[in-house]
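Colleague: I am new to this structure. Could you take one part, the nonpolar interior, and go through it closely?

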Amino acid sequence: MSTISANWSYPNAFKLGRGRIKELADACKSLGMKKPLLVTDRGLASMAITKTALDILEDAGLGRALFADVDPNPNEKNLEAGVKAFKDGGHDGVVAFGGGSGLDLGKCVAFMAGQTRPVWDFEDIGDWWTRASVEGIAPIVAVPTTAGTGSEVGRASVITNSATHVKKIIFHPKFLPGVVIADPELTVGMPKVITAGTGMDAFAHCLEAYSSPFYHPMSAGIALEGMRLVKEFLPRAYREGTDLEARANMMSAAAMGAVAFQKGLGAIHALSHPIGAVYNTHHGMTNAVVMPAVLRFNRKAIEEKIARAAAYLGISGGFDGFYDYVLQLRAELGVPENLSAMGIAPDRIDELSAMAIEDPSAGGNPVAMTLENTKALFRDCF
């Protein structure tokens with residue numbers, strides 16, 4: 001039974017521990033909310049953990065309002081509907097509840113409720129975030145129910161353009177939730193495939209942040225310890241879903257990955273984003289599928305760095321040992337061997353490659369991504 005319980009203020013107020021969902025109403029009130037809107041995805045809408053959260057809010061006099069018209073890869077249509085629900089209901093804050101889709105859309109609803117420009121005007125490009133009107137941005141409490149994206153500690157949301165099928169990163173410092181409630185009991189009901197996919201997303205965040213050539217030693221250190229937590233606790237959480245110690249540590253690893261990738265991401269995400277946008281695949285599982293090919297692609301640039309990581313993680317054999325460990329972990333978690341095994345045909349490689357090199361993550365890859373070498377990398381993923 002887990003005894004892990006902690007309060008952090010890095011990068012935001014983070015309340016980790018079993019049963020801490022009971023503090024949800026107090027967290028909302030601490031941010032001045034009187035009538036929050038709980039935003040989650042369709043799959044979670046009818047689940048017991050969501051009903052419990054709504055009960056807690058209602059019992060505290062904060063009302064009972066739910067918006068769950070959220071796709072697995074949320075888009076601007078979901079966002080428009082969420083903002084309408086927020087305004088029509090006279091809400092003054094958002095409880096972003098769920099995995100990456102619920103968290104990302106909830107954060108974006110709170111942000112866009114105060115804007116008059118279209119959401120694409122706030123893409124993470126240069127200083128576009130300064131276009132926002134900050135006065136109308138609603139406060140956010142984030143309640144993750146998975147351990148992967150780390151969106152609960154992030155200053156951005158990923159929103160898919162439904163017309164172009166391109167994932168866009170929408171950024172503003174006010175996206176960062178005011179309070180996080182990280183209760184490992186909420187993750188116990190995750191199916192094994194979601195535990196695996198979200199856990200590998202956390203690992204990918206840490207691996208790519210650590211491998212990024214940009215200078216940010218604080219993020220690199222967080223990424224390294226995040227990988228260690230995944231190595232130790234993800235197989236346990238996968239094998240035994242009620243292992244609350246493993247679940248709590250995976251929630252920590254997920255948050256650490258998202259903090260770390262301020263340093264940058266890379267080709268894993270640059271490939272995964274267009275695949276997810278076009279084929280609607282699970283983001284974390286897609287990351288896991290393409291990870292070995294990207295490691296091979298980047299080997300010359302990261303071999304020494306990965307050898308140091310392997311030593312810290314207790315893996316012998318330097319880069320090769322680390323690579324073999326990734327293959328072993330994927331097999332243990334039931335990750336498809338390649339994109340073909342994931343049910344994707346190699347008939348749109350040119351289109352996916354063009355999207356990948358335009359993805360913001362591409363700029364953080366240790367090997368410069370060109371159209372030609374990215375096509376070759378995609379072929380290797382099949």
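Modeller: What follows goes through the largest nonpolar core and then two helices. This is a predicted model, in which local features need pLDDT of at least 70 and side-chain atom pairs count only at pLDDT 80 or more, while totals for chains, interfaces and linings use all residues. Residues are numbered from 1 along each chain as its sequence is written, and side-chain values use heavy atoms, with hydrogens and water left out.

A nonpolar core is a set of buried Ala, Val, Leu, Ile, Met, Phe, Trp, Tyr and Cys residues joined through side-chain atoms within 4.5 Å; buried means under 20% relative accessible area with a 1.4 Å probe, protein chains only. The largest such core has 104 residues, and Phe-203, Met-227 and Phe-322 have the most contacts inside it. Helix α10 (residues 283–313) gives the largest share, 13 residues. Helices here are DSSP runs of H or I, at least four residues, numbered from the N terminus. Both domain 1 (13–187) and domain 2 (192–380) supply at least three residues to this core; the domain bounds come from an automatic or database domain assignment.

Leaving out residues up to four places away in sequence, Phe-322 touches Phe-203, Leu-207, Met-227, Leu-295, Ile-306, Ala-310, Leu-313 and Ile-315, where contact means heavy atoms within 4.5 Å. Another core, of 21 residues, lies apart from the largest one and includes Ala-27 and Val-179.

Helix α6 (residues 192–211) has 17 of its 20 residues buried. In helix α8 (residues 244–260), 16 of the 17 residues are buried.

Note on methods. Buried < 20%, exposed > 50% of the residue type's maximum accessible area, 1.4 Å probe, protein only. Helix = DSSP H or I, 4+ residues; strand = E, 2+ residues; numbered from the N terminus. Expected span 1.5 Å × (residues − 1).
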